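Please open the structure in your viewer and keep the sequence panel beside it, since this tour moves from one selection to the next.

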Amino acid sequence: MNRTTLSLLAAATALAAVTGFAAVTAPDGDDTIATAKAPARLPVERSSLLCPAPSTSELAETVYTSFTPAGTAGGGTDGAAELAPPAAPLDDTAPAEDEKKPDEETTDDEKKDDPAKGDEKPATDGADAKVKPFLALKAAGKPVSATKNAADAPALVGSATGALAPGWTTQQTTTVTGAESRALLGMSCTPPDTDFWFPGASTDKTRQDYVHLTNPDDTPAVADIALYGKEGTLKSSTGEGIPVPARSSVPVLLSTLTAEAEPNVTVHVSTRTGRVGAVVNAVEEKVGGDWLAASADAAPTAVLPGVPADATSVRLVVFAPGEDDAELKVQLAGKSGTIVPASASETLNVKSGMTASLDLGDVTKGEAGSVRIGPAEGAGETPVVAALRVVRGKGTDQEVAFIPATGAVTERATVADNRAKGSTLSLTAPGAAGKVKVTASAGSGGGEQVVKTYTVKGGTTLAVTPPVPAGLKGSYALTVEPESGGPVYAARTLAETTDGVPLFTVQTMPDDRGMVSVPTTREDLSVLK
């Protein structure tokens, strides 16, 4: 085959990658045909995650746990996954803080071999400085963790490559102890993006809600924050054009963006230039606080899994970002089936551009459940975003958490930092019954993975104590994979009791998007000479 034919074939392959089909006629009457076939499912080669600064309390302890599931087909064997403070590029040759020994120092022999060793001063000129990884994952299938005390726990940015990229996740869990500020705050660190919706935030005087904007890149980003209350857009003169410097994290107090105090607010974060990670830290007087993650993309139906059995107060917050109003039916999928709660006997009307809320009270009544919303009978399919504010406990012994709408587990979902006690896995199948495989990884300090399957009946929520690795030491990760049946949605609850207060946090488990579709071509080479 001559060079011209090779070039044409390369062009055909590139065209097929874009259009799904390409055909080329070779010179001298030699016909070479490249036809489309089904896109290949291949593992991602790089993933990015951003973790905001966890707390300003001197009584806070934050545990970071990083994990990549083992056994991704085609994932290879090499790779790295590191997180570090965002002040400067990572130093790939430096040991992570969780690996460095406290008494590690340069020896006299090392100084003789290299006179510069031991005499160098750390760089302090911003982007030229090298930052040692705070947390480094070396192999798939076993989590690593690091702990930071007090208020100086940093925001972290990082990436995973090669075999550690598909499904890479990092959990940030903060425990705050104190007579006036007890809370368990948890979140799965987020990838950078350009658009986020946060129903369930607040500018009320009893709340302090901060949007944390983290820029992982070496160029500045510019973000806009818009706030929507029950009557529409909240007036703000400072929410537009917020600069987020390169490799930095910026917290923005929502109540400083507007003079209007609203208990239920939807926050829209978008970027004009660059990309950021965004998440809301919500602290409420007398009921603690937690992270509010972004809602799944707006859709006519939404599933919010993982409402605890002993929830004493549940509030649904919904927003319709499009031009049409939404008329919604609110349902609860519990242990035995799906019902319309008495507190939601009428449809929920959501006006376009306005935030609507519905108090569901102690809707679960002793059985864990999941909330599902969708078009009321005869109503149009208007896309919405949604979240739940959930409270456990009573009186002065209360704690709050948030559950955003999430997507189904289509291929795989993982959550890290599960403990031997206090973890609950919630699985809900809003349509047909679904069967999933749940893998409990090896522990961060030792233990062997355990695999178990669960069948979730259609229209129900199954809340279980997840399997625990044999001989567990430390924490472990849970991975959920569908095996058959209808779509399944998942969430994990961490709970502990401190001084009589039922502390808890809920992380939804959307698909990890560790696999992507890559267009391929099939060439007919039979006519080549």
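**A sheet, then a pocket**

Begin with an open sheet of four strands, in the order 7-4-9-10 with antiparallel pairing, where strands are DSSP runs (E, at least two residues) numbered from the N terminus, and two strands pair if DSSP finds at least two bridges between them. Its edges are strand 7 (144–149) and strand 10, each of which pairs on one side only. The model is predicted, so that local features need pLDDT of at least 70 and side-chain atom pairs count only at pLDDT 80 or more, while totals for chains, interfaces and linings use all residues. Residues are numbered from 1 along each chain as its sequence is written, and side-chain values use heavy atoms, with hydrogens and water left out.

Next select residues 60–67, which form strand 4 and pair with strand 7 in the antiparallel sense over six bridges. Within this pairing, Ser-66 has Val-144 of strand 7 as its bridge partner.

Now turn to the largest pocket (an open set of points on a 1 Å grid over the protein atoms alone, where a 1.4 Å probe fits, with protein on both sides within 12 Å along at least five of seven lines). Its lining comprises 49 residues, and Thr-190, Pro-191, Pro-510, Asp-511 and Arg-513 are those nearest its centre; a lining residue has an atom within 4 Å of a point.

Select strand 3 (46–51) after that, because strand 3 gives the most to this lining, with four residues. Strand 10 (183–188), the edge strand of the sheet, is also among the strands that each supply at least two lining residues.
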